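Trainee: Could we walk through this model together, one question at a time?
Mentor: Happy to; let's have the structure in front of us and begin with the ligand site.

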Amino acid sequence: MASGRVFRFRGRPPESDFDRGVDGSARRAQAVQSLEESGNGWFWSTDREGRLTFLSRQAADLFGIPMDQLLGQPFAQLFAAPGEEVAARDRLPFVLNRQANFDRLTLQTTHESGHRWWDVSGRISYSSGSFDGYFGFCIDVTDQLASSRSASQAALFDPLTRLPNRLNMTQFMADHIGGARRCAVMLLDLDRFKGVNDTLGHPGGDALLKQVAGRLQKIIGDKQKIFRLGGDEFEVVLPGRDDEETLGALAAEIISSLSQPYSINGIRCVIGASVGISISPRDGTTGDELTQKADLALYAAKSGGRGCFRFFSDSFLEIAEERRQLEEDLRDALVRDELWVAYQPLVCAISERVTGVEALVRWTHPRRGPISPEKFVPIAEEANLIDALGEWIIRKACEDAAGWPAEIRLAINVSPVQFANEALPSIITSALANSGLPPSRLELELTEGIFLANSTETEAMFKRLKAIGLRLSLDDFGTGYASLGYLRTAPFDKIKIDQSFVRGANESGSRNAAIIAAIVALAGALNMETTAEGIETLDQLELVRSLGVSHIQGYVYSKPLDNDGLKESLSSGVWTIRPKGPAKHRSERRTIYRKAGAIIGSYYHSVTVRNISETGAYIEGLIDVPTGTQIILDFGDGRMEMAVVRRVSDRGYGVEFGSTLITSPEGTLTTRKVVSPYLLATHGLAGAAHAGKSKTLHFTGPPTTETIAAHLGLTIPSEAPSPQGSTASASITDLSDSVRSLIAAVSPLQNLAITKPGYEGGRHLKPEEWDRLKLAVEHSPNAQLKYIIALVVLTGAGFRELLAAKWSDIDLEQRSWTIPPSESGEGRTVRISDAALKILGDLPRSRSCDHLIINPRTNKPFHSVFGSWDAARKKAGLADVSIHDLRRSMKSSW
Ligand code: C2E
Ligand code: MG
Ligand code: MG
């Protein structure tokens, strides 16, 4: 059928040439005929009962019904109108009954070549002054209608996923929410989606979104209830649902399904999802209200560590309000001069001279007093204020630094958001030019967070920054989530070892010293300096110095100072600081009397803390709790720590903390981590510690202390290490991924140091001695010597036993090495630790020789390596050192 030219006949057509001209009626007849022939329109007339008295021939052809059968039939019968159009068709007899003109009633006909839509118009005809029926015409509007329908479809559906969109959702909510009607709204946000877009490009991101839509449809079933709001945001609206338990289970299922790996063009990628839920009528009775509440809950889910769901709670409003208030105040703070920059010295570990300072932003709020940058920097990042704030800090610090002695370097913290800003290099160059500070004196401190962004952009930014001639340091090393691969290529000049590694490094059983040693070794290999952060006590200072850290920052040398204070200290040109502070990182017991909470299983007990130290506390108020019980202590305001009951006395319980407490700037003991206020609110724990009431808690999952700790994001302490005979394998299992890959990156000898077994006494090698020896061994012409020494130290076996060892003596699955009896000793079985296993994996193997250690040149076993070992230790100037000394030294060296 010909496509839609549209003819508009509105009422009586105005007088035209048609009417006036001589051949007016002939032309009109021609025009009518051409309309009929085009198939786009036809004419009709009825009698006063609405029965057809005339029909264009083309219409009869169209219906495939002989004309004589059509005439006399009710006109309304021509129009078959299924679905929504029924109402319009039903209206036709009424319209005809009204005996009045009508225009453009849109009706559908069905015939052999399909459904078509017509605009039907009619005029009444009179005969002898009284109503005699209708005459009129029908115009084909099928194509016009189709295109306007597809436009309205497009306006209501997301073209990529074909899910209903935001506009559609507004309508859907209006239909299902209101009054007392029950309805749940889930707002979903994909975690790490940006990474997929960045690495696989937008087509990759699109493919992933389609798969996400597919998975959601599978879970929810009905496509009509899932909406794509834009980007990586989806909303699910569930009319009739308000049961938290099933909704929680559904949210958990969505998160788990969306977190399964995806395959995009053969590339595997993994994302996560967070969900915020609101329920009508409890949380609101309009779509907007419910979406806003679900959004606050989603925000809470993301702050709670992502990958989880939260139901809306009223306290989210207060928290959001406080944040909003701070954000607003922060905007003003910049103009009102409430911000200033403090400078903390960085001291050379050997000379104790100040070589540079770190700029730390400070905000003195007019009402709230000082606010920590840890609180307001993230707010600035989210509120798009960080660029302005960061620029101000850079300019101010460069200006100040230009007035210091020329040797003093300036380090400035740059957040990942600032690093992603194209304009950063030009801001820095301009600040340097304006202040006159040479670029070589400037150092930027970056955190691992920068590696989460697009890697080509990250690389390009590194190049542009290095081209300025400044230095880069990697801040808070070891606390991030990034893999260590970047260390090979990123042009860092320094690694800053996070304070969390220094804390407790002196305590027995702590592996932190070994980790610091490994970081120092790695930095050395990559030609980078190291700074240990947050050194507070003399014993920590001694330890990090002995581990070879090149620079030190912490209260033991100086707290951050204002520029005047700093300038005064630097006035003589050189500032050497004598360390000052507590001799030991001591667990001082302080007597207090404070209300707190103790969670055991799913019960919240109100307790009183009688005294407290960094490592434990004495509490009253519990009944019948056996030793060994795990509890969560709640000190209020999100300060929570896992503990184990160690002693039971008449009145109370002695508990040991899972990780040591720290001293706050106000001098009180406090937990390292703070549980997010959102999490507290969700689980009814906000204010519980101060309320002094016991109650039952409601968490999903088994009601154990461990499950609840997991809900609250608390670290469940691993079992205390057994003091003797503990193998190295146990020690690397619970390290973070970054430290684990660090271990993989170092040589067998360094690896050995990281996994120190607990030998005591004997000759202790100094760090420089270790370095010399390590160098000599690694450069020995016997390329196997480093493996041999590492294995002898790690397994406790003798040189001879190792040289005689065969692969057939080793059961890698059981991780055991059977040493057969010999002249020098009885046979025994040695356990193979993770570290030893790794070294075994690196050993060159020969098909023709079953020995563990072979001479790669001859493919034969060594008879003795004593010559090589002797030469190496002499070269290191340590001729008297024995392998036993190495074993003994491991505890405090490296
Ligand atoms: P950061 O860069 O790791 O800074 C070191 C933090 O450790 C500072 O906290 C410093 O005051 C504190 N500190 C230094 N020595 C000791 C010590 O011996 N004991 C203890 N307990 N703490 C010590 P501050 O100033 O509160 O800053 C916290 C974080 O806020 C910084 O960590 C940094 O990530 C961020 N920050 C600070 N200033 C800026 C800035 O100007 N820009 C950006 N983007 N971030 C900043
Ligand atoms: Mg820093
Ligand atoms: Mg730091």
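Trainee: Which residues are the closest of those that surround ligand 1?
Mentor: Keep in mind that this is a predicted model. In it, 24 residues surround ligand 1. The closest of them are R362, N413, D475, E536 and Y555.

Trainee: How do the residues of that shell around ligand 1 divide into nonpolar, polar and charged?
Mentor: Aspartate, glutamate, lysine and arginine go in the charged group, with glycine counted as polar. Sorted that way, the shell around ligand 1 comes to 8 nonpolar, 7 polar and 9 charged.

Trainee: Which element gives the most to the shell around ligand 1?
Mentor: Three elements each supply at least two residues of this shell: α12 (373-382), β18 (471-477) and β14 (354-365). The one that gives the most, with 4 residues, is β14.

Trainee: How much of ligand 1 does the protein bury?
Mentor: Let's begin with the contacts: E358 and N413 each place a polar side-chain atom 2.9 Å from an oxygen atom of ligand 1. For D475, a polar side-chain atom lies 2.8 Å from an oxygen atom of the ligand. Taken alone, ligand 1 exposes 790 Å², and the share of this that the protein buries is 84%.

Trainee: Now the metals, please. Which protein residues are donors of the magnesium ion (ligand 2)?
Mentor: The donor atoms lie 2.0 to 2.2 Å from this ion. Along the chain they follow the spacing E-x54-N-x31-E-x29-D. With names filled in, the donors are E358 (OE), N413 (OD1), E445 (OE) and D475 (OD).

Trainee: How many residues apart in sequence are the parts that the pair E445 and D475 ties together?
Mentor: Both residues are donors of the magnesium ion (ligand 2). E445 lies in strand β17 (residues 442-446) and D475 in strand β18, so the pair ties together parts that are apart in sequence by 30 residues.

Trainee: Is E445 buried or exposed?
Mentor: The cut-off for buried is under 20% relative accessible area. E445 has a relative accessibility of 1%, so it counts as buried.

Trainee: What about the magnesium ion (ligand 3): which spacing do its donors follow along the chain?
Mentor: The protein donors here are D475 (OD), D476 (OD) and E533, with E533 (OE) listed twice. They lie 2.0 to 2.6 Å from the ion. Along the chain, the spacing is D-D-x56-E.

Trainee: Which residue coordinates both magnesium ions, ligand 2 and ligand 3?
Mentor: The two ions are 4.0 Å apart. One residue appears among the donors of ligand 2 and also among those of ligand 3. That bridging residue is D475.

Trainee: D475 and D476 sit side by side in the numbering. Is D476 buried, partly exposed or exposed?
Mentor: D475 has a relative accessible area of 5%, so it is buried. D476 has 24% relative accessibility, and partly exposed covers the range between 20% and 50%. D476 therefore counts as partly exposed.

Trainee: What is the phi of D476?
Mentor: D476 has its place in strand β18. It is not a glycine, and yet its phi is positive, at about 50 degrees.

Trainee: Which loop holds D637, another residue with a positive phi?
Mentor: D637 is not a glycine either, and its phi is about 55 degrees. At 62% relative accessibility, D637 counts as exposed. Its loop is the one between β25 (630-636) and β26 (639-648).

Trainee: Where is the cis peptide bond that joins a serine to P281?
Mentor: P281 has its place in the loop between β11 (272-280) and α10 (287-303). Omega is about 0 degrees for this bond, which joins S280 and P281.

Trainee: How many disulfides does a search of the whole structure find?
Mentor: Let's look at two cysteines: C348 is buried, with a relative accessible area of 18%. C849 counts as buried too, at 10% relative accessibility. A disulfide needs two cysteine sulfur atoms within 2.5 Å, and the number found in the whole structure is 0.

Trainee: Last one: how far apart in space are L765 and D885?
Mentor: L765 is in the loop between α27 (748-754) and α28 (767-778), and it is buried, with a relative accessible area of 3%. L765 and D885 are 120 residues apart in sequence. In space, C-alpha to C-alpha, they are apart by 7.6 Å.

Technical notes:
Residues are numbered from 1 along each chain as its sequence is written. Chains are lettered from A and ligands numbered from 1 in the order in which they are written. This is a predicted model: local features need pLDDT of at least 70, side-chain atom pairs count only at pLDDT 80 or more; totals for chains, interfaces and linings use all residues. Side-chain values use heavy atoms; hydrogens and water are left out. Donors are N, O and S atoms within 2.8 Å of the metal (3.2 Å for Na, K and Ca); water is not among the atoms, so sites may look incomplete. Buried means under 20% relative accessible area, exposed over 50%, partly exposed in between (1.4 Å probe, protein chains only). A residue is near a molecule or strand if one of its heavy atoms lies within 4 Å of it. A polar contact is a pair of N or O atoms within 3.5 Å; within protein, one must be able to donate a hydrogen and the other to accept it, and residues adjacent in sequence count only if both atoms are side-chain atoms. Accessible areas come from the Shrake-Rupley method with a 1.4 Å probe; for residues, only the protein chains shown count as cover.
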